[in-house]
Amino acid sequence: MPDNILSFNRAQIIAVANQKGGVGKTTTVVNLATALAVSHKKVLVIDLDSQGNASTGLGCDLNKRIQTIGDALKNNAAIEDTLYATEIENLTLIPATTQLIQTEIDLERQYDRLKEVLFTLRSKYDYILIDCSPSLGTLTLNALTAADRVMIPLQTEFFALEGLNHLIQTISSVKRDLNPHLEIEGVVLTMYDKRNNLSEIVSKDVRQCFGDTVYDTIIPRNVRLSEAPSHGKPILLYDIHSAGADAYLQLAAEFLARQESQEEAKVA
Ligand SMILES: Nc1ncnc2c1ncn2[C@@H]1O[C@H](COP(=O)(O)OP(=O)(O)O)[C@@H](O)[C@H]1O
Ligand SMILES: [Mg+2]
């Protein structure tokens, strides 16, 4: 079957990754996914971090995480039984618990397990966003093997680019050995503090290094974004008038515009 038929009506799978913790991966997954769902896209979020922060942030408390991504990866549950309907129309979640630590050990060197498990879901969504853990271990390699694209959040601080070589090298080896189609979707600058000169300098540095892959949209540091998860709500439900909500709506619009121009480039 030609490739274009296979890719018809198939979700774009996007891994949101950076092995540094606290750079805004989970915040970006939860809020970009919500903004896309509000734009009438069908979106699935996969929590692939044993800390389960994306699950909490989307209102799936521990007692509601009956079947998780860990169960699906270990073949203890059908993937369809792990789906959790969030408060937002068009936004579904596959949650995670600390059980995922053991799952990662059990997977050993199996890097294509997530891809296999997601196969039947691809026709049901427009976008599948994977929230990766702060490591480049087996689970993140599974995410990169399953993904079409990687989105890299970078905290706008002095050491933003430090350690990034390692991520870029990992993406290259996955592309070589496991997933030849993998591309970088974009770099998102997060937690930008406009009162701080350093943010401006770092943002310029990152653009010099990554060029056009860096989104024009910059996510500002915004306290409402950090409060929202403790209420189990994405920013659009917690405070739609906040600067954080604005920023993630803008990021979603830019993301969709890029998707469109990529589609057009493919057709041309
Ligand atoms: N733009 C932002 N403004 C303020 N706080 C933020 C912002 N983005 C993330 N945070 C907070 O910073 C912490 C780390 O963000 P998180 O998204 O969990 O990072 P990661 O998933 O990369 O570890 C969390 O407490 C989160 O609420
Ligand atoms: Mg996280």
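## Serine 203, a partly exposed helix position

In this predicted model, serine 203 counts as partly exposed, because 17 C-beta neighbours lie inside 10 Å, a count that falls between the limit of 12 or fewer for an exposed residue and that of 20 or more for a buried one. Serine 203 belongs to helix H9, which covers residues 197-210.

Leaving aside residues up to four places away in sequence, serine 203 touches Thr156, Leu189, Tyr192 and Ile218. A further relation in space is that to glutamine 155, which is 48 residues from serine 203 in sequence and 9.5 Å from it, C-alpha to C-alpha.

## The chain as a whole

The protein chain contains 12 helices and eight strands. Its radius of gyration is 17 Å, close to the 18 Å given by the globule rule for 268 residues, and the chain is therefore as compact as a globular protein of that length. Along the principal axes, the C-alpha trace spans about 50 × 40 × 35 Å.

Buried residues account for 46% of the 268 residues in the chain. When contacts between residues at least 6 apart in sequence are considered, 78% of them join residues that are at least 24 apart.

## The surroundings of ligand 1

The shell around ligand 1 comprises 18 residues, of which Gly24, Lys25, Thr26, Thr27 and Ser226 come nearest. By residue class, the shell divides into six nonpolar, 10 polar and two charged residues.

Three elements, namely helix H2 (25-38), strand E7 (183-192) and helix H10 (223-227), each supply at least two residues of this shell. The largest share, three residues, comes from H2.

## Helix H2 and the loop after it

The 14 residues of H2 should span 20 Å at 1.5 Å a residue, and the end C-alpha atoms of H2 are indeed 20 Å apart, so the expected and computed values agree. Because 14 of the 14 residues of H2 are buried, the helix is largely enclosed by the rest of the structure.

H2 is followed by histidine 40, whose phi is positive, near 70 degrees. Histidine 40 is placed in the loop between H2 and strand E2 (43-48), and with 9 C-beta neighbours inside 10 Å it counts as exposed, since the limit for that class is 12 or fewer. The C-alpha atom of histidine 40 is separated by 7.1 Å from that of asparagine 90, although the two residues are 50 residues apart along the chain.

## The nonpolar core

In soluble globular proteins, nonpolar side chains tend to be buried together. In this model the largest nonpolar core has 77 residues, and those with the most contacts inside it are Leu129, Ile130 and Ala143. The largest share of this core, eight residues, comes from H2. Apart from residues up to four places away in sequence, alanine 143 touches Ala15, Ala17, Leu48, Leu114, Ile130 and Cys132.

Isoleucine 46, found in strand E2, is buried, with 29 other C-beta atoms within 10 Å, where 20 or more suffice for that class. Its contacts, again not counting residues up to four places away in sequence, are with Ile69, Ile94, Ile128, Ile130 and Asp131. By contrast with these contacts, the C-alpha atoms of isoleucine 46 and glutamate 87 are separated by 16 Å, the two residues being 41 residues apart along the chain.

## Positive phi at two further residues

Asparagine 75 has a positive phi of about 70 degrees although it is not a glycine. The residue is placed in the loop between helix H4 (69-73) and strand E3 (84-85), and it is exposed, with 10 other C-beta atoms within 10 Å.

Methionine 191, likewise not a glycine, has a positive phi of about 55 degrees, but its setting is strand E7, an element that supplies at least two residues of the shell around ligand 1. Methionine 191 is buried, with 22 other C-beta atoms within 10 Å, whereas asparagine 75 is exposed.

Terms used:
Residues numbered from 1 in each chain as written. Chains lettered and ligands numbered in written order. Predicted model: local features only at pLDDT ≥ 70, side-chain atom pairs only at ≥ 80, totals over all residues. Near = placed C-beta within 6 Å. Helix = DSSP H or I, 4+ residues; strand = E, 2+ residues; numbered from the N terminus. Nonpolar A, V, L, I, M, F, W, Y, C, P; charged D, E, K, R; others polar. Rg over C-alpha atoms; globule rule 2.2 N^0.38 Å. Contact = placed C-beta atoms within 7 Å. Expected span 1.5 Å × (residues − 1). Core = buried A, V, L, I, M, F, W, Y, C linked by C-beta atoms within 7 Å.
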